[in-house]
Amino acid sequence: MFSHAIVKKPCPAMIDGITTANLGKPDYALALQQHQDYVAALQACGVAVTQLEADEAFPDSCFVEDTAVVTKKFALITNPGAPSRKGEIQSMIPVLQTFYSADKIEYIQAPGTLEGGDVMMVGDHFYIGLSHRTNQEGAQQFIRILQKYGMSGEMVPLHTILHLKTGVSYQENNNLLISGEFLQNPTFSHFHQIPVEPEEAYAANCLWINGKVLVPAGFPHTQKAIEQLGYEVLVVDTSEYRKIDGGLSCLSLRF
Ligand code: CIR
């Protein structure tokens with residue numbers, strides 16, 4: 001169960017965020033509205049939401065998930081692999097210091113890189129995508145830190161997608177939403193898999209919070225599959241974030 005979430009408002013420069021999506025530029029006013037709706041959905045799941053002010057210096061800074069990994073035992077400040085995003089961690093450190101004591105805040109050190117979108121938590125075990133953003137050194141550092149706290153991690157090489165959780169997301173109770181390159185991956189064969197069809201691939205990134213699941217608007221088959229698992233679904237429109245490769249999980253840290 002989660003009690004807290006941290007989000008950061010999108011800044012006007014978000015329209016120039018990194019993208020491969022080819023869906024045009026985000027509409028900033030609509031993105032702000034969608035962000036408010038996202039926060040309301042988190043609150044409806046029973047978490048207290050800390051809302052950080054927008055930071056115009058970093059177009060992608062609303063995607064706070066990439067700057068940290070928050071667990072019940074410690075917080076990790078990452079070292080984002082995207083050069084334009086590295087500076088985002090500076091403002092996250094003091095925020096996490098209000099929730100974790102200094103000796104429970106860990107850091108990924110260069111040349112290691114890691115982005116939180118590549119980290120999927122399944123209980124005390126963490127899957128770590130090796131991507132253009134997260135390298136082997138970063139993943140190794142994280143695994144060593146996990147072991148120090150009695151937890152574990154394993155690496156999952158990625159081929160085509162941005163982040164691990166772009167293509168696979170854990171919905172608790174052994175349920176895994178899974179798409180594309182991960183469908184045949186034996187790493188995930190022990191999960192109860194909910195395959196996401198290529199037309200709905202964006203919806204492979206859903207967000208379980210305290211028994212409810214946030215699902216992006218516009219993906220009826222995935223929504224239905226999650227409802228059939230017995231979860232209450234909260235539909236959240238993230239169309240403007242999708243235009244800059246962002247999904248539901250990217251917009252918050254949950255702990
Ligand atoms: C980026 O490319 O870094 C942003 N435009 C999107 C980040 C999405 N974050 C995530 O999947 N955790």
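**Backbone oddities, ligand site and voids**

N173 sits in the loop that runs between β9 and β10 (175–179). This is a predicted model, and in it N173 takes up a positive phi of about 50 degrees despite not being a glycine. A second backbone quirk turns up at P111, which belongs to the loop between β5 (105–107) and β6. Here the peptide bond from A110 to P111 is cis, and its omega is near 10 degrees. Both spots go against the usual run of things, since most residues other than glycine have a negative phi and most peptide bonds are trans.

Now for the ligand. Its home is the second largest cavity, a space with a volume of about 100 Å³. The shell around the ligand is made up of I18, D60, F63, E65, D66, R85, G117, R133, H163, I244, D245 and C250. Sorted by class, that shell comes out as six charged, four nonpolar and two polar residues.

Several polar contacts can be picked out. On the side-chain front, D66 places an N or O atom 2.9 Å from a nitrogen atom of the ligand, while R85 has a polar side-chain atom 2.9 Å from a ligand oxygen. I244 joins in through its backbone, with a polar atom there lying 2.7 Å from a nitrogen atom of the ligand. As for burial, the ligand on its own has 350 Å² of accessible area, and the protein covers 98% of it.

The lining of the cavity itself can be listed too: I18, D60, F63, D66, R85, R133, L162, H163, I244, D245, G246 and C250 line the second largest cavity. By class, this lining splits into five nonpolar, five charged and two polar residues. D66, R85 and I244 are thus on the list of lining residues, and each has a ligand contact described above: D66 at 2.9 Å, R85 at 2.9 Å and I244 at 2.7 Å.

What else is enclosed? Across the whole structure, the search gives three cavities of 30 Å³ or more. The largest cavity holds about 350 Å³ of space. Its lining runs to 22 residues, with E65, V119, M121, K165 and R254 nearest the centre. Strands β3 (68–70), β6 (119–122), β9 (168–170), β12 (207–209) and β15 (253–254) are the elements that each give two or more residues to this lining. In class terms, the largest cavity is lined by 13 nonpolar, five polar and four charged residues. E65 appears here close to the centre of the largest cavity and also in the shell around the ligand.

Turning to the open spaces, the largest pocket has a volume of about 640 Å³. It is lined by 31 residues, and those nearest its centre are T20, I161, L162, T166 and D245. Helix α4 (residues 164–167) supplies the largest share of that lining, with three residues. The class breakdown is 12 polar, 11 nonpolar and eight charged residues. D245, one of the residues nearest the centre of this pocket, is also part of the ligand shell, and L162 is found in the lining of the second largest cavity as well.

The second largest pocket comes in at about 260 Å³. M1, F2, K72, M121 and F255 are the closest to its centre among the 14 residues lining it. Seven of the lining residues are nonpolar, four are polar and three are charged. M121 does double duty, being listed near the centre of this pocket and of the largest cavity.

Key: Residues are numbered from 1 along each chain as its sequence is written. This is a predicted model: local features need pLDDT of at least 70, side-chain atom pairs count only at pLDDT 80 or more; totals for chains, interfaces and linings use all residues. Side-chain values use heavy atoms; hydrogens and water are left out. A residue is near a molecule or strand if one of its heavy atoms lies within 4 Å of it. A polar contact is a pair of N or O atoms within 3.5 Å; within protein, one must be able to donate a hydrogen and the other to accept it, and residues adjacent in sequence count only if both atoms are side-chain atoms. Accessible areas come from the Shrake-Rupley method with a 1.4 Å probe; for residues, only the protein chains shown count as cover. On a 1 Å grid over the protein atoms alone, a cavity is a set of points where a 1.4 Å probe fits but cannot get out, and a pocket is an open set with protein on both sides within 12 Å along at least five of seven lines; lining residues have an atom within 4 Å of a point. A molecule sits in a cavity or pocket if more than half of its atoms lie within 2 Å of its grid points. Ala, Val, Leu, Ile, Met, Phe, Trp, Tyr, Cys and Pro count as nonpolar, Asp, Glu, Lys and Arg as charged, and the others, Gly among them, as polar. Grid points are joined across faces, edges and corners, and a volume is the space filled by probe spheres set on the points. Helices (H or I, at least four residues) and strands (E, at least two) are DSSP runs, numbered from the N terminus.
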